[in-house]
Structures are given as structure tokens and as C-alpha cells.
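Subject: Structure for you to look through

Dear colleague,

I am handing over the structure we spoke about, together with my notes on what I found in it. Please read the notes with the structure open beside them.

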Amino acid sequence: MTFTVGHYLAERLTQIGLKHHFAVAGDYNLVLLDQLIEHGGTEQIYSCNELNCSFSAEGYARSNGAACAIVTFSVGAISAMNGIGGAYAENLPVILVSGAPNTNDHGSGHVLHHTIGLTDYSYQREMVRHVTVAAEIIVSPENAPAQIDHVIRTALREKKPAYLEIACNIAASPCVRPGPISALFSSQPVDDTSLSAALDASLAFLEKREKVVILVGNKLKSAEALEETVTLAERLGCAVTVMSAAKGLFSEAHPLYRGVYWGEVSSKGTEKIVEGADGVITLGPVWNDYASVGWRKLIRGENVIEVNPESVTVDNQQFASIPLKAFVSALAAKAPSKPSSAKDSYTPLTIAPAAPDAKLTNDELTRQINALVDSDTTLFAETGDSWFNATRMTLPEGARVESEMQWGHIGWSVPSVFGSAVAAPERKHVLMVGDGSFQLTAQEVAQMIRYEVPVIIFLINNFGYVIEIKIHDGPYNYIQNWNYAKLMDAFNGGTGAEDGSLRGGKALGLTATTGAELKAAIAEAQKHTRGPTLIECRLDRADCSKELVEWGKQVAKANSRKPQA
């Protein structure tokens with residue numbers, strides 16, 4: 001077999017640990033898709049559209065560490081940039097690959113289809129540069145290896161998306177074979193002088209503090225410092241709290257765990273623990289308006305050691321070129337014992353079971369989903385009240401929570417949970433998603449059916465965008481209701497083709513209006529392993545967590561501030 005540019009890309013994707021890549025076909029990428037299939041190192045998984053394709057890859061990266069999405073030029077890639085923006089915001093290395101016009105059309109004055117009607121075809125790379133850390137256009141097989149390696153190397157090093165554009169007549173061109181993947185990578189450089197100075201300043205800071213607390217942020221995961229954080233916590237012996245977007249990154253079964261910090265909507269007792277400390281170590285925090293409850297609850301300043309992915313700030317000094325993992329490891333080796341905060345307690349939420357025949361409520365829904373979550377569960381919480389329901393849950397050791405609090409794209413979770421389930425079929429995948437969010441990306445349930453992915457979907461039907469209603473109400477927050485459970489019949493489809501590609505699907509669609517009906521639906525879903533189960537949970541529009549109401553008020557205040565003079 002003659003080795004080609006497409007084979008080179010496929011080999012590198014295989015070498016970095018991908019077993020699948022996601023794709024939407026278009027005439028500019030068809031030859032490339034053929035080359036990837038011919039190589040055979042990764043399985044080609046198809047998406048309903050490019051937006052869903054990019055979010056499916058984002059979900060795959062959450063479970064696998066990296067991912068790849070293949071789309072066509074312009075009409076495909078520009079749609080996919082939404083999900084790539086999400087991957088950038090959430091620190092996920094997704095390789096977006098776009099097919100592109102024939103090299104003979106560059107500089108020819110030709111106006112091509114799937115373009116904006118101009119003869120300069122570089123606009124797509126200029127657009128995608130804002131949401132990637134590397135972007136290359138491949139127009140020659142001789143330069144393709146170096147360009148492919150640069151994009152993959154940079155994405156993995158920075159934990160951010162990167163972009164490759166491959167001309168349609170180059171994908172099958174002969175190309176050298178890639179060498180070992182290890183040759184591409186070197187460890188992130190550490191400035192030893194800076195690390196030593198940061199460590200000395202941090203130790204001096206801690207020695208002067210009595211009540212020290214660790215606050216875990218969601219960048220801790222991409223920094224790959226979860227184990228080091230446990231070591232540091234045990235060395236200090238102090239309370240460990242997590243930000244809302246970091247739910248599940250520190251085991252809730254650990255004796256030092258003290259709940260979720262989120263200002264006024266924190267776990268009961270956690271706000272007092274964090275705000276009452278005279279020394280807080282924040283690890284990989286993201287202080288946006290959502291996390292800070294409308295900028296009101298920022299944990300920064302003279303009583304904080306802020307550890308970011310590449311820097312440490314302490315005593316009004318910033319120390320650069322220090323990877324978070326290296327700093328936490330070094331601090332864990334020398335930190336003093338500071339157990340005072342561990343004497344404080346928080347109160348995990350307990351929800352009493354509702355009467356079986358009572359109308360289903362948000363609390364009862366949360367209670368039953370929490371009971372379903374075990375150590376092998378990955379729980380996806382869609383933008384909205386599902387954030388707060390996940391925050392209120394108590395997680396067993398090994399359970400994971402995935403959310404998208406920085407990008408906050410409603411509908412993100414449906415294709416993302418599909419991608420995650422493809423990457424980690426050994427785990428149980430559960431999704432909580434509102435009706436408004438579901439309507440944006442519902443098509444990707446069809447791919448769960450096609451690939452027999454047993455995701456359990458709790459479709460929370462409260463008849464509108466409740467999170468928006470709580471922040472700022474208006475007629476635009478109300479949507480056309482669907483019969484969501486029966487939608488599974490349409491998605492199952494099937495024509496009975498002999499090759500099985502168009503066979504009828506196995507999705508289940510169920511409805512729950514009471515606690516007893518929800519319990520029965522969950523039992524049925526747990527037995528169903530050949531496709532998704534969607535449980536439509538019908539709630540009153542006004543029924544949501546009190547945390548959402550309080551948080552929504554504060555975010556609305558921040559959004560409605562008067563212009564500066």
C-alpha cells in the first residue's frame with residue numbers, strides 16, 4: 001500500500017491513542033475519508049451535522065484525552081467552529097480537519113461552491129485561528145508531515161483544539177511514513193528558579209496561616225494533577241472544596257472533602273469554610289461571571305495562592321513557567337500540616353422520597369438519578385438547572401460529572417455524551433438535559449441508536465428555557481412542545497437493509513409523571529443495553545432548584561449593570 005497524506009494523519013491519530021474519529025461527509029473531504037478508512041487505525045463514526053460532530057469529538061476528548069473531527073470546507077467547518085470554541089474554552093485537544101478546494105484553484109480566480117463567493121480561500125483558517133492554538137493549510141504532500149505533527153503536538157501540549165485543512169487533491173498523494181510518536185513530544189519546560197521561588201513564597205504564606213482550605217477548579221483535570229492534589233491535601237490535612245465546574249474532580253468519599261463552593265448557592269456549610277479561611281489554595285480556577293455569582297464571590301487577593309496551569313500567584317507576585325502539576329507535586333513534598341479547617345463540616349443534601357403516586361418534582365427526579373449514579377457512571381449535566389441538580393448530588397468514588405460552564409452552549413450535552421460513550425463504553429453514561437436544550441441537537445440521538453450506545457437520557461420537560469426565565473423572562477423563553485418519548489419511534493426508523501446499516505433501531509422512549517413511573521422507567525433503562533433510553537420527565541415550569549433561582553437573580557443583576565460613565 002502506497003503511504004499517503006491521509007494515511008500519515010491516520011497513523012498519527014492512532015499513535016496518540018484515538019480509536020475513533022467523527023465525520024460528516026462533503027465533497028471536499030471524501031478522498032480523505034477514504035484514506036482514513038483504508039488505513040483502518042481508527043473507526044469512522046458519523047454525525048448528523050457538523051455542529052454535533054464537533055461536540056461529539058469534544059465529548060470523546062473528555063473521556064479519551066484527545067479527539068478528531070473531519071468536516072468539509074466552509075459550510076462544514078464554520079458550523080463545527082462552535083463546538084471547537086467550546087473545546088477551546090473547556091481545555092480539550094480536538095483536532096478539527098477540514099477538506100479544502102483543489103490546489104489548482106488557488107490563485108486561479110475561480111469562484112467555487114461551498115465558499116463565500118470570493119476567490120481567496122484562506123478565510124476559513126483566519127476564522128478558526130481564534131479558537132485553536134495551531135492552524136495549518138496543507139497544499140503539498142512534502143510539507144504535510146511537518147504540518148500535521150505541528151498541529152497535533154501543539155494541541156496535546158496546550159490542551160486546546162487545533163486545525164488542519166487538507167486540499168482535496170492532496171489527501172491521497174504519496175507521503176513518507178511517520179516515525180515513533182515519542183519523537184514529537186518533550187515535557188513542558190519548568191523554570192527551576194521560578195519554581196523554587198514560588199515554592200518558598202508559598203511555604204512562607206502557609207506558615208503564617210492557621211485555617212487553610214484547598215479550592216479545586218476545573219482546569220485541574222487538563223493539568224493532569226488530580227493525584228498530586230490528593231497528596232497535597234493529605235499532607236496539609238486541610239478541608240478540600242471544589243468549584244461547581246469541578247464537581248467530581250476530588251473524591252467526595254475522601255474524609256477531607258467539604259462540598260461545592262459557589263457563593264450563596266454552595267453546599268450547606270461550604271461557603272463558611274471557604275470564606276472563613278485565612279489561606280486558600282485555588283487550583284486551576286476559572287473565575288467567570290457564572291462561577292463568581294455575578295462577580296460577587298471571587299476568591300482572590302492577599303489570602304490566596306492561585307495556581308494556574310502555567311503560573312503561581314502568591315503575596316502579589318506571579319511566578320511564570322511553572323506547570324500546575326509540577327508545583328502541586330513540589331508543594332506536597334514540603335507543605336506544613338494545617339488541619340484546622342478539616343474540623344469544620346458541611347451537610348450533603350438529603351432528599352426525602354416523595355409519595356410514589358405524587359406528581360414528579362425536581363427534587364424527586366434529582367434523588368432518583370443520584371441513586372442511579374455509581375462508581376462507573378459519567379453524568380453529563382446540561383447547561384441550566386441540571387448544573388444545580390448535579391451539584392446537589394453526593395457522588396460515590398469513581399463517579400464523574402461533565403458540564404460546560406465556560407462555553408455554556410445549550411444542547412452541547414447530547415452529542416458530547418455520545419462522543420464520551422463511544423470513547424469509554426465500559427462506563428455507564430447518564431444525561432440530564434432540558435427540553436429547550438435538547439431541541440438544538442436532538443438529531444444525535446439517532447447516532448446513539450445507530451451505534452447501539454446505551455446512554456440513559458433524562459429529558460426534563462418543563463416547557464421552556466427555565467434558566468433563562470429565571471434570569472430574564474420574555475416570550476422568547478417558551479418553545480413548541482414535542483412528544484419526546486415518541487420521538488424515539490421516529491429515530492428508530494429502519495428499512496431492513498441486508499447490510500444492517502439501515503436496520504430498525506433499539507431506542508426506548510418512556511414517560512414519567514410520578515415518582516413511581518420514574519422508578520419503573522429507570523429499572524427498564526438499566527436493562528436496556530442496545531441503544532439509548534430517553535425518559536421524558538414532566539415537571540411544572542415553576543419547579544426548579546432554589547439554587548437556580550438565587551443564582552439567576554445575581555447573574556441578572558450583573559447583566560443589567562448600567563453603562564460606565
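L236 is buried, with a relative accessible area of 0%, and it lies in helix α9, which covers residues 226–236. Please keep in mind throughout that this is a predicted model. Leaving aside residues up to four places away in sequence, L236 touches L206, I214 and I281, and it also touches the run A335, P336, S337, K338 and P339. R125, by contrast, is 111 residues from L236 along the chain, and the C-alpha atoms of the two are separated by 48 Å.

The UniProt record, in an unreviewed entry, places the feature "domain: Thiamine pyrophosphate enzyme central" at residues 201–330. In the model that span is 27% helix and 25% strand, and its end C-alpha atoms lie 13 Å apart. A second feature in the UniProt record, also from an unreviewed entry, is "domain: Thiamine pyrophosphate enzyme N-terminal TPP-binding" at residues 4–113. For residues 4–113 the model gives 45% helix and 18% strand, with the end C-alpha atoms 26 Å apart.

S311 is found in strand β12, which is made up of residues 311–314. Is S311 buried or exposed? With a relative accessible area of 12%, S311 is buried, because the cut-off for that class is under 20%. Its contacts, not counting residues up to four places away in sequence, are E306, Q318, F319, A320 and I322.

Further along the chain, helix α12 (residues 362–372) is mostly covered, with eight of its eleven residues buried. Those buried residues are N362, E364, L365, T366, Q368, I369, N370 and L372. Which elements do the buried residues of α12 pack against? The partners are the strands β14 (377–381), β16 (428–434), β17 (456–461) and β19 (533–538), together with the helices α13 (385–392) and α19 (515–527).

The contact between α12 and α19 can be followed at the level of residues through G515, which has its place in helix α19. G515 counts as buried at 7% relative accessibility, and, not counting residues up to four places away in sequence, it touches P356, A358, L360, E364 and Q368. Of these, E364 and Q368 are also among the buried residues of α12. G515 and N288, which are 227 residues apart in sequence, are 36 Å apart in space, C-alpha to C-alpha.

D357 offers a contrast in accessibility, being exposed with a relative accessible area of 66%. It is found in the loop between α11 (324–334) and α12. D357 and F491 are 134 residues apart in sequence, and their C-alpha atoms are 31 Å apart in space.

Two loop residues deserve a look at their backbone angles. Most residues other than glycine have a negative phi. E452, in the loop between α16 (445–450) and β17, has a positive phi near 55 degrees, and at 24% relative accessibility it counts as partly exposed. F463, in the loop between β17 and α17 (466–471), likewise has a positive phi, near 65 degrees, and at 29% relative accessibility F463 counts as partly exposed.

Turning to the chain as a whole, it has 20 helices and 19 strands. Its radius of gyration is 25 Å, close to the 24 Å that the globule rule gives for 565 residues, so the chain is as compact as a globular protein of that length. Along its principal axes the C-alpha trace spans about 70 × 65 × 55 Å. Of the 565 residues, 57% count as buried, while the chain exposes about 22400 Å², of which carbon and sulfur atoms supply 50%. Among contacts with a separation of 6 or more, residues 24 or more positions apart account for 76%. The chain carries 48 positive and 62 negative charges, and the mean positions of the two sets are 6 Å apart.

With best wishes

How values were computed:
Residues are numbered from 1 along each chain as its sequence is written. This is a predicted model: local features need pLDDT of at least 70, side-chain atom pairs count only at pLDDT 80 or more; totals for chains, interfaces and linings use all residues. Side-chain values use heavy atoms; hydrogens and water are left out. UniProt positions are given in the numbering used here, feature names are shortened, and annotations may be inferred rather than shown by experiment. Helices (H or I, at least four residues) and strands (E, at least two) are DSSP runs, numbered from the N terminus. The radius of gyration is taken over C-alpha atoms; the globule rule is 2.2 Å times the number of residues to the power 0.38. Buried means under 20% relative accessible area, exposed over 50%, partly exposed in between (1.4 Å probe, protein chains only). Contact means heavy atoms within 4.5 Å. Accessible areas come from the Shrake-Rupley method with a 1.4 Å probe; for residues, only the protein chains shown count as cover. Lys and Arg count as positive and Asp and Glu as negative; His and the chain ends are not counted. The place of a charge is taken as NZ of Lys, CZ of Arg, CG of Asp or CD of Glu.
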